[in-house]
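Trainee: Please pick one covered helix and take me through it closely. Then connect it to the rest of the chain.

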Amino acid sequence: MRHLEESRSESNAALEAQALKAAAGQWAANDPDPATAAQLQALIAGTDPADAAELADSFAGDLQFGTAGLRAAMGPGPNRMNRVVVRRAAAGVAAHLLALAAGGSPETDPSRSGLQETGDAGTSPAYQPRAVVGYDARHNSQAFARETAAIFSAAGIETFLLPAPLPTPVLAFAVRSLGCEAGVMVTASHNPARDNGYKVYLGGRAVAAEARGVQIVAPHDSLIAGHIATAADTAELGDTTAIALAADGWTVPGEELLAGYKLAVAALADPALFPDRELRIVHTSLHGVGHETALAVLRDAGFTDIHAVAEQSAPDPEFPTVTFPNPEEPGAMDLAFALAQQVGADVVLANDPDADRAAVGALDPATGQWRQLHGDEVGALLGAHVVARGRSAAGGDRAGGHLVGGDRAGTREGGANTSTPVFANSIVSSRLLARIAAAAGYDHVQTLTGFKWISRVPQLTFGYEEALGYCVAPELVRDKDGISAGLLIAELAAGLKAAGRTLFDMLDDLALAHGLHSSTQVSIRVEDPQGIAAMMAGLRAQPPAGFDGSAVAQFTDLSVGSAELPATDGVAFLTDNGTRVIVRPSGTEPKLKCYLEVIVPVGGPEQLTAARAEAQRALAAVVLDVKAALGLESA
């Protein structure tokens, strides 16, 4: 009997494998890309178990389009980034733009806040939508962008295709500069070399004023996903013959677009208030597309003593000198720090491969070693610098740190004066920015994670999140921009150097004024996404009673949502002594992210050293308690 059951199981497995290979063969026959078609044929013919596993995963389902667009490993099949998937995504975005043009937008018409579109691609639009498409230097990025432009043009959308691999902030700038209803950026940002992605912005007549040039949020993601599903509903797998591609018809902007971005960003520097430019900078673009643009902006603003990491300056889709092209990852900035030590630099500025993030390094006087500043430290420094640049409150009552998200984005209680500058950061970022804002008489808004929320806060003056994303000039780029952030850090550091001080001295000033806010992150990378779901379920079922001996005073299941904050997958803990722990799955990688912050009071300069030691001790203890709560280690 057991032998019969085993035979049946083997027979069923063989049938499933046969059906999978037949499906893959059909996809390969329809694949417009000879390279991925050949990869698929090799997997079909392969006898290695790894080939079978890769084939199964490539057809494990359709790559899901969300508010972050698409992001995945490149390769054949519906669960990978390839020309079939990108063609369908482009067709979906085009259909959504035409439907918005025909029937209005849920953002411009509050009565249409649900998922039902009143127009569709078959209805005559009230206007001709415009779109701009950009791309980075990853493998296939240019091909994906060009086919997107061809599909948009064939659909009747006035389309601009950026002339070269350029930073994501340039694309976000172009959405508003060119008056576009949409922008598409082909990039996987700081993901590994095997990945690529597809990020969508809306603007122009498609959305409300505060959302122009901002990444999409619901319901636009679901509406686009619906159009993508329609495009993918074909008799044969991988068939895209019904999606028209124009041979030409799009416009390639001239040099004036990039020149306009550089000019506008360089003009952010304020030489009247901060005239000092004696600063030795080391810069790395981590093999990405930020090198030329970032250095041009710095030089145009008067910073000329710049040393670039030669091994990482030119775009290279293989990212050969780093394990992960993410400045947050250990080792990513080692070459920059070595060069800084060699040339006697004052500061290190690093951009991730698409230059929408900025990392900052400096020589820590406490250790005599170069170290990267935490994203929350840089966010606090930039917030304080924006205040010092003179964006003072214009009167009116301060409105405290009220939450924002969803259709309620930007709502603040108390009838706050809308001319008052507004700072914003995400729920996982430090609470120090709220204290800096309060001391300056500014409003502060807390949002869900992601710049799709931060950037749409009305009257935003400055926003950031701890993952090295900073928006210092929302009037230019309503997204994170590592180039403009790097410029303001250089301006700040040069002014401090002229006064005989450092970035660390300014961090000490902030600790004395507001308490020492110290934060860290624990990232748990998993192979099986079910492991993340299991750990989140465990935290909800058995929340920890405390962290580092301080009892949990408040537990919040963020998936429930509230009147102030839409539902999101995460949990938050706040203890009696103010320690905060937030745990959430990553939106772009197979990781569980844990965000920890402790606050240590500082009575005077003589207590700073002891306060820093206590903060590090407390964070280390909280890390152990978090891992124990997740079942990873015993406390």
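Mentor: Start with helix 9, where His291, Thr293, Ala294, Leu295, Ala296, Val297 and Leu298 are buried. Keep in mind that this is a predicted model. Helix 9 runs over residues 291–300, and seven of its ten residues are buried, so the helix is mostly covered. What does the covering? Among the elements over the buried residues of helix 9 are three helices: helix 8 (255–266), helix 10 (310–313) and helix 15. Strands take part as well: strand 7 (281–284), strand 8 (306–308) and strand 9 (347–351) are included in the cover of those buried residues.

Now look at what flanks helix 9. After the helix comes Gly302, with a positive phi near 105°. On the other side is the loop between strand 7 and helix 9, and His287 is found there. The phi of His287 is positive, about 70°, although His287 is not a glycine. Is His287 buried or exposed? His287 has a relative accessible area of 2%, and that is why it counts as buried.

Follow the covering elements outward. Strand 9 leads into a loop that ends at strand 10 (358–364), and Ala355 lies in that loop. Ala355 is not a glycine, yet its phi is positive, about 65°. Its relative accessibility is 0%, so Ala355 counts as buried.

Helix 15 spans residues 482–498, and Ala498 has its place there. Ala498 counts as exposed because its relative accessibility is 52%, and the cut-off for exposed is over 50%. How far is Ala498 from Glu278 in sequence and in space? They are 220 residues apart in sequence, but their C-alpha atoms are 7.7 Å apart.

Set that pair against the whole chain. The protein chain has 635 residues, and buried residues make up 55% of them. There are 18 helices and 22 strands. Take the contacts with a separation of 6 or more: 68% of them join residues 24 or more positions apart.

Compare another covered helix. Helix 12 takes in residues 375–388, and eleven of its 14 residues are buried. The buried set includes Gly375, Asp376, Val378, Gly379, Ala380 and Leu381. It also includes Leu382, Gly383, Ala384, His385 and Val386. Why does the length of helix 12 make sense? At 1.5 Å a residue, its 14 residues should span 20 Å, and the end C-alpha atoms are 20 Å apart, so the two values agree. Helix 12 is followed by Gly390, which has a positive phi near 105°.

Next, go to helix packing, with helix 4 (residues 83–103) as the anchor. Its axis and that of helix 7 (residues 220–232) come within 8 Å and cross at roughly 125°. These two helices are therefore oblique to each other. Helix 4 passes helix 7 in a right-handed crossing. From helix 4, the residues in contact are Arg88, Ala89, Ala91, Gly92, Val93, Ala95, His96 and Leu100. Helix 7 meets them with His220, Leu223, Ile224, His227, Ile228, Ala231 and Ala232. By class, that contact has ten nonpolar, four polar and one charged residues.

Helix 7 has a marked lead-in. Pro219 is found in the loop between strand 6 (214–215) and helix 7. The peptide bond joining Ala218 and Pro219 is cis, with omega about 5°.

Helix 4 has a second partner to examine, helix 5 (residues 141–154). Their axes come within 9 Å and cross at roughly 40°. The crossing is right-handed. Helix 4 brings Arg83, Val86, Arg87, Ala90, Ala91, Val93 and Ala94 to the contact. Helix 5 brings Phe144, Glu147, Thr148, Ile151 and Phe152. The class count is eight nonpolar, one polar and three charged residues.

Finish with Val526. It lies in the loop between strand 17 (516–525) and helix 17 (529–541). Its relative accessible area is 15%, so Val526 is buried. What does Val526 touch, leaving out residues up to four places away in sequence? It touches Ile532, Met535 and Pro590. Val526 and Pro590 are 64 residues apart along the chain, and 5.9 Å separates their C-alpha atoms.

Technical notes
Residues numbered from 1 in each chain as written. Predicted model: local features only at pLDDT ≥ 70, side-chain atom pairs only at ≥ 80, totals over all residues. Heavy atoms only, no water. Helix = DSSP H or I, 4+ residues; strand = E, 2+ residues; numbered from the N terminus. Expected span 1.5 Å × (residues − 1). Buried < 20%, exposed > 50% of the residue type's maximum accessible area, 1.4 Å probe, protein only. Axes fitted to C-alpha atoms, helices over the stretch in contact; angles between N-to-C directions. Parallel < 35°, antiparallel > 145°, perpendicular 65-115°, else oblique. Left-handed = near helix turned anticlockwise from the far one by under 90°. Contact = heavy atoms within 4.5 Å. Nonpolar A, V, L, I, M, F, W, Y, C, P; charged D, E, K, R; others polar.
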